[in-house]
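Got the viewer open? Let's take a short walk, one selection at a time.

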Amino acid sequence: MPEFTNPTTFPAFHELPSSTSSAPAADNWFLLAQIKENMTITKTTLVVRDRAGVDFAVTFDDGDHRGLPSNGNEPLRFRKGHTLVVPRATRTDREGEGKKAVVRVPAGQSGGVRVVPGGLEQVLELGQVLAAGEEGVAKKKCAACGEAEEDDGKPLLRCTGCGAAAYCSKACQVRGWSELGHKSNCKVVKSIREIWP
Ligand SMILES: [Zn+2]
Ligand SMILES: [Zn+2]
């Protein structure tokens, strides 16, 4: 699991390498940006916002108005408010006055793109929690009451949705789901764990 506070692994838009530069900043990096609008007319075009609060466009050379870029067999769903993940994203400067730079996903590379079903802030926060091993299972502590798993006791119950959150009892699981907000985090945690196993 990568370090979500690392600006080299998760660069903001202005920190992305230029598409014309030959030396990438790191072996692997991911652009994280919250989807603001789907502007697709012919080519898939999204307006997104990065962690620095900068808005820009992401365009896909794959797909057209009939077919969104697909990841494997499933079409990507670009929901407003969800977080786009583009591995090895680069910035393309466009010729002409007033034309803003964009992130262009070249043909054949949309397969690596993912969408996490949560906002950017939530993704960064939960990513950090997961990277630190603070969520349930890794820490062997109940995510609701904080009680530690005993070596010879019964194992903690694991959330079947995300596989990360763990609880000492059914009652704590129910409390964790509703009162403590795991309901809104579970899908995001699951998605983060799938992208960065
Ligand atoms: Zn508990
Ligand atoms: Zn869960």
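Start at the zinc ion (ligand 2): its four donor atoms subtend angles of 102 to 120°, so the arrangement is tetrahedral. For comparison, the ideal angle for four tetrahedral donors is 109.5 degrees. Keep in mind as you click around that this is a predicted model.

Which atoms hold the zinc ion (ligand 2)? Select C159, C162, H182 and C186: the three cysteines reach in with SG and the histidine with NE2, at 2.0 to 2.4 Å. Along the sequence, these donor residues follow the spacing C-x2-C-x19-H-x3-C. Now keep just C159 and H182 highlighted, a pair that links distant parts of the chain, 23 residues apart. C159 sits in the loop between strand 10 (157-158) and strand 11 (166-167), while H182 belongs to helix 3 (residues 182-195). Buried or exposed, these two? Both C159 and H182 are buried.

Next stop: the strands. Select residues 55-60, which is strand 3. Five of its six residues are buried, so expect this strand to be mostly covered.

Add residues 45-49 to the selection and you have strand 2, running antiparallel to strand 3 and joined to it by five bridges. To get your bearings, look for T45, which stands opposite T59 in strand 3. Then follow the hairpin between strand 2 and strand 3: five residues lie between the strands, and G53 takes a positive phi near 85°.

Now bring in residues 102-105, strand 8, which pairs with strand 3 in the parallel sense over four bridges. Two pairs of residues are handy for checking this: V58 stands opposite V103, and T59 stands opposite R104. You've met T59 already, across from T45.

Strand 8 has another partner. Select residues 91-92 to see strand 7, which pairs with strand 8 in the antiparallel sense over two bridges. Here R91 stands opposite V103, the residue you just saw facing V58.

Last stop: the second largest pocket. Pick R88, A89, T90, P106 and Q109, which lie nearest its centre among the 20 residues of the lining. The space in there comes to about 330 Å³. Strand 8 shows up again, as it and strand 6 (83-87) each supply at least two residues of the lining. What kinds of residues line this pocket? Colour the lining by type and you'll get 10 nonpolar, eight polar and two charged.

Methods
Residues are numbered from 1 along each chain as its sequence is written. Chains are lettered from A and ligands numbered from 1 in the order in which they are written. This is a predicted model: local features need pLDDT of at least 70, side-chain atom pairs count only at pLDDT 80 or more; totals for chains, interfaces and linings use all residues. Side-chain values use heavy atoms; hydrogens and water are left out. Two strands pair if DSSP finds at least two bridges between them. On a 1 Å grid over the protein atoms alone, a cavity is a set of points where a 1.4 Å probe fits but cannot get out, and a pocket is an open set with protein on both sides within 12 Å along at least five of seven lines; lining residues have an atom within 4 Å of a point. Grid points are joined across faces, edges and corners, and a volume is the space filled by probe spheres set on the points. Ala, Val, Leu, Ile, Met, Phe, Trp, Tyr, Cys and Pro count as nonpolar, Asp, Glu, Lys and Arg as charged, and the others, Gly among them, as polar. Donors are N, O and S atoms within 2.8 Å of the metal (3.2 Å for Na, K and Ca); water is not among the atoms, so sites may look incomplete. Four donors count as tetrahedral if all angles lie between 85 and 135 degrees; four count as square planar and six as octahedral if opposite donors are over 155 degrees apart and all others between 65 and 115; anything else is irregular. Buried means under 20% relative accessible area, exposed over 50%, partly exposed in between (1.4 Å probe, protein chains only).
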